[in-house]
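Reader: I have a structure to look at and do not know how to read its features. Where should I start?

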Amino acid sequence: MKVVAQIKQPIVKEMELFEKKFYSSMSSKVALLNRITHYIVNRKGKQMRPMFVFLVSKMTSDGIVNERTYRGASVIELIHTATLVHDDVVDDSNRRRGFFSINALWKNKIAVLVGDFLLSKGLLLSIDNGDFDLLRIISVAVREMSEGELLQIEKARRLDITEEIYYEIIRQKTATLIAACCAMGAQSVNAPEEEVERMRLFGEYIGMAFQIKDDLFDYGQTQIGKPTGIDIKEQKMTLPLIYALNHCTKEEKKWAINSIKNHNKDKKRVKEVIAFVKKTGGLEYAVKQMKSYQEKALVLLETYPKSIYKDSLELMVNYVIDRKK
């Protein structure tokens with residue numbers, strides 16, 4: 001059995017019902033919108049985020065989920081989908097998970113409006129049902145994701161990202177949404193405040209490990225649908241590169257920054273930068289940091305009694321850093 005199917009095992013019924021509820025939460029009186037949301041639903045990814053919501057809610061409540069849990073998972077997925085649609089416009093990207101993006105098929109103006117529509121649907125789903133505690137969790141995540149993206153853009157121009165700033169960027173850009181999923185799962189079944197916070201932190205650690213793993217793919221040999229060196233071409237400061245720049249000679253640093261700023265379209269030069277990062281120990285350091293976040297996440301699960309939901313969450317933590325794409 002594939003790992004994702006194994007993780008999903010204890011919540012198969014919930015995920016099936018969730019899909020129906022999620023699809024109906026997108027409905028509109030506008031035929032064009034329905035055509036586009038149908039396209040989105042039929043090209044969904046692994047749906048890791050709703051899986052986090054259901055597994056955490058079941059682990060923290062002896063296997064219970066309720067309507068709030070379904071709404072919480074739907075809100076997360078609606079808002080996550082809205083941010084992806086907007087991201088593709090911002091990045092001028094024509095593909096998403098191997099399919100055409102919304103902006104590629106329906107142009108930017110429609111894509112931005114669809115993103116806005118999904119965002120408002122998510123907000124109204126919470127407001128109409130009085131789930132203000134769940135709305136607060138997701139609203140904080142959306143604010144942080146925007147701040148993280150803008151902080152990265154601001155820093156990328158000068159290539160002066162320290163390790164500390166890098167962690168702050170990935171915490172906001174990537175980890176905050178997974179943290180929201182886990183907090184949402186606990187909050188939806190009315191878990192105590194300290195437990196909601198523990199689960200939020202659990203999600204944050206997984207998100208940090210997840211992003212560092214993504215950074216490592218840029219230097220890997222395995223074919224993952226993303227060519228190696230793409231982060232360097234886009235002048236993204238990732239952890240292996242930051243470490244290498246902080247642990248090399250002045251001349252090497254000058255050469256590497258010049259390569260990234262002025263020769264990032266030169267394939268040979270990009271390969272040389274990748275080799276430089278490997279030689280300086282950037283990859284080993286990033287792996288070490290990723291595993292440290294993995295450990296922190298697993299430690300937070302130790303406080304819970306053994307259950308199939310806890311097993312799945314442990315599997316999820318390990319899958320995040322063992323995945324091949």
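**Core, pocket and helix**

Author: Start with the core, bearing in mind that this is a predicted model. The largest nonpolar core has 100 residues, and those touching the most other members are Phe52, Ile138, Tyr167, Met199, Phe202 and Ile212. Helix H8 (residues 163-188) gives the most to this core, with 13 residues.

Reader: Which residues is Ile212 in contact with, leaving aside its neighbours within four places in sequence?

Author: Ile212 is in contact with Tyr166, Tyr167, Ile170, Leu239, Ala286, Gln289, Met290 and Tyr293.

Reader: How do I find empty space?

Author: Rolling a probe the size of a water molecule over the atoms shows where space is left empty. Here, the second largest pocket has a volume of about 340 Å³.

Reader: Which residues line the second largest pocket?

Author: Its lining has 15 residues, and Arg136, Ile137, Ala183, Val196 and Arg200 lie nearest the centre. Seven residues of this lining are nonpolar, two are polar and six are charged. Helix H7 (132-156), H8 and helix H9 (193-217) each supply at least two of them, with the largest share, six residues, coming from H7.

Reader: What span should helix H15 (residues 308-322) have?

Author: At 1.5 Å a residue, the 15 residues of H15 should span 21 Å, and this agrees with the model because the end C-alpha atoms are 21 Å apart.

Reader: What do the buried residues of H15 pack against?

Author: The buried residues of H15, among them Tyr309, Leu313, Met316 and Val320, pack against helix H1 (3-8), helix H4 (48-59), H9 and helix H14 (282-301).

Definitions and conventions: Residues are numbered from 1 along each chain as its sequence is written. This is a predicted model: local features need pLDDT of at least 70, side-chain atom pairs count only at pLDDT 80 or more; totals for chains, interfaces and linings use all residues. Side-chain values use heavy atoms; hydrogens and water are left out. A nonpolar core is a set of buried Ala, Val, Leu, Ile, Met, Phe, Trp, Tyr and Cys residues joined through side-chain atoms within 4.5 Å. Buried means under 20% relative accessible area, exposed over 50%, partly exposed in between (1.4 Å probe, protein chains only). Helices (H or I, at least four residues) and strands (E, at least two) are DSSP runs, numbered from the N terminus. Contact means heavy atoms within 4.5 Å. On a 1 Å grid over the protein atoms alone, a cavity is a set of points where a 1.4 Å probe fits but cannot get out, and a pocket is an open set with protein on both sides within 12 Å along at least five of seven lines; lining residues have an atom within 4 Å of a point. Grid points are joined across faces, edges and corners, and a volume is the space filled by probe spheres set on the points. Ala, Val, Leu, Ile, Met, Phe, Trp, Tyr, Cys and Pro count as nonpolar, Asp, Glu, Lys and Arg as charged, and the others, Gly among them, as polar. The expected span of a helix is 1.5 Å times one less than its number of residues.
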